[in-house]
Amino acid sequence: MSLPSPSAPADGSLQQGLHQDGRRLTPQRKRVLELFEHRGSGCHLSAEEVHQQLASLQLKVSLATVYRTLRLLADMGFLQELELSEGGRRFELAHGDHRDHHHLVCIRCGRTEEFESEPVLMAGADAAQQFGFKLIESSLNVRALCPNCQD
Ligand SMILES: [Zn+2]
Ligand SMILES: [Zn+2]
């Protein structure tokens, strides 16, 4: 099995990704991407959830294929992979204007909430400037227990 080459631009630019990789968007990959676009930005889906949604649309796709498709769409720059909990990775749309937000994630059930924080963005910008790095994104992932999972 050969892994897809990571051709996505570092900043996850959707436009650039479309231009470079549009030809590689098979109907099935498009369908998965549409699931995310239909739900809108701010939705974070696991492979299992995508698999369930496809099944509810009468689309028979194996979970392994869903995993591969999600990883590929992330490599192509359409989706962003969030390594939030041990329970499973989640994916969200990699929109340019939907980058500077942060995630609060329940490590038990995977519930994910977004929040914004100016101080986090400023801390990222400060650190990048201090070391002469070119800033691309500052995001904070907070691992926590949601109200339902606090026993
Ligand atoms: Zn998000
Ligand atoms: Zn929870």
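Here is a walk through this protein, from its overall layout down to a few single residues. Keep in mind that the model is predicted.

Let's start with the big picture. The protein has five helices and six strands. If you follow the chain from its start, they come in the order α-α-β-α-α-β-β-β-β-α-β. Of the 151 residues, 21% count as buried. What about contacts along the chain? Take the contacts with a separation of 6 or more: 53% of them come from residues 24 or more positions apart.

Now zoom in on helix H2, which runs over residues 27–39. A little arithmetic works nicely here. H2 has 13 residues, and at 1.5 Å a residue it should span 18 Å; the C-alpha atoms at its ends are 18 Å apart, so the expectation and the model agree. As background, an α-helix has 3.6 residues a turn, so residues three or four places apart point the same way. Right after H2 comes Gly40, with a positive phi near 85 degrees.

Next, a group of cysteines. In the unreviewed UniProt entry, the annotation "binding site" covers Cys106, Cys109, Cys146 and Cys149. These four span 44 residues in sequence, yet no two of their C-alpha atoms are more than 8.1 Å apart, so they gather at one spot.

Two of these cysteines deserve a closer look. Cys146 sits in the segment after strand S6, the strand made of residues 141–144. Leaving out neighbours within four places in sequence, Cys146 is in contact with Cys106, Cys109 and Arg111. Is Cys146 buried or partly exposed? It has 16 C-beta neighbours inside 10 Å, and being buried takes 20 or more, so Cys146 counts as partly exposed. Cys149 lies in the segment after S6 as well. Its contacts, again without residues up to four places away in sequence, are Cys106, Arg108 and Cys109. Cys149 has 13 C-beta neighbours inside 10 Å, while exposed means 12 or fewer, so this residue is partly exposed too.

Over to His101, which you'll find in the loop between strand S3 (88–93) and strand S4 (102–106). Which residues does His101 touch, if those up to four places away in sequence are not counted? They are Glu114, Phe115 and Glu116. For Glu116 there is a distance to go with the contact: His101 and Glu116 are 15 residues apart in sequence, and their C-alpha atoms are 5.0 Å apart in space. With 16 C-beta neighbours inside 10 Å, His101 counts as partly exposed.

Finally, let's turn to some backbone angles. Most residues other than glycine have a negative phi. Against that background, two residues are worth finding in the model. Gln58 is not a glycine, but its phi is positive, near 65 degrees. Look for Gln58 in the loop between helix H3 (47–56) and helix H4 (63–75). Gln58 has 6 C-beta neighbours inside 10 Å, which is why it counts as exposed. The other is Asp151, where phi is also positive and near 65 degrees in a residue other than glycine. Asp151 belongs to the segment after S6, the segment where we met Cys146 and Cys149. Unlike those two cysteines, which are partly exposed, Asp151 counts as exposed, because it has 5 C-beta neighbours inside 10 Å.

Definitions and conventions:
Residues are numbered from 1 along each chain as its sequence is written. Chains are lettered from A and ligands numbered from 1 in the order in which they are written. This is a predicted model: local features need pLDDT of at least 70, side-chain atom pairs count only at pLDDT 80 or more; totals for chains, interfaces and linings use all residues. Helices (H or I, at least four residues) and strands (E, at least two) are DSSP runs, numbered from the N terminus. Two residues are in contact if their C-beta atoms, placed from the backbone, lie within 7 Å. The expected span of a helix is 1.5 Å times one less than its number of residues. UniProt positions are given in the numbering used here, feature names are shortened, and annotations may be inferred rather than shown by experiment.
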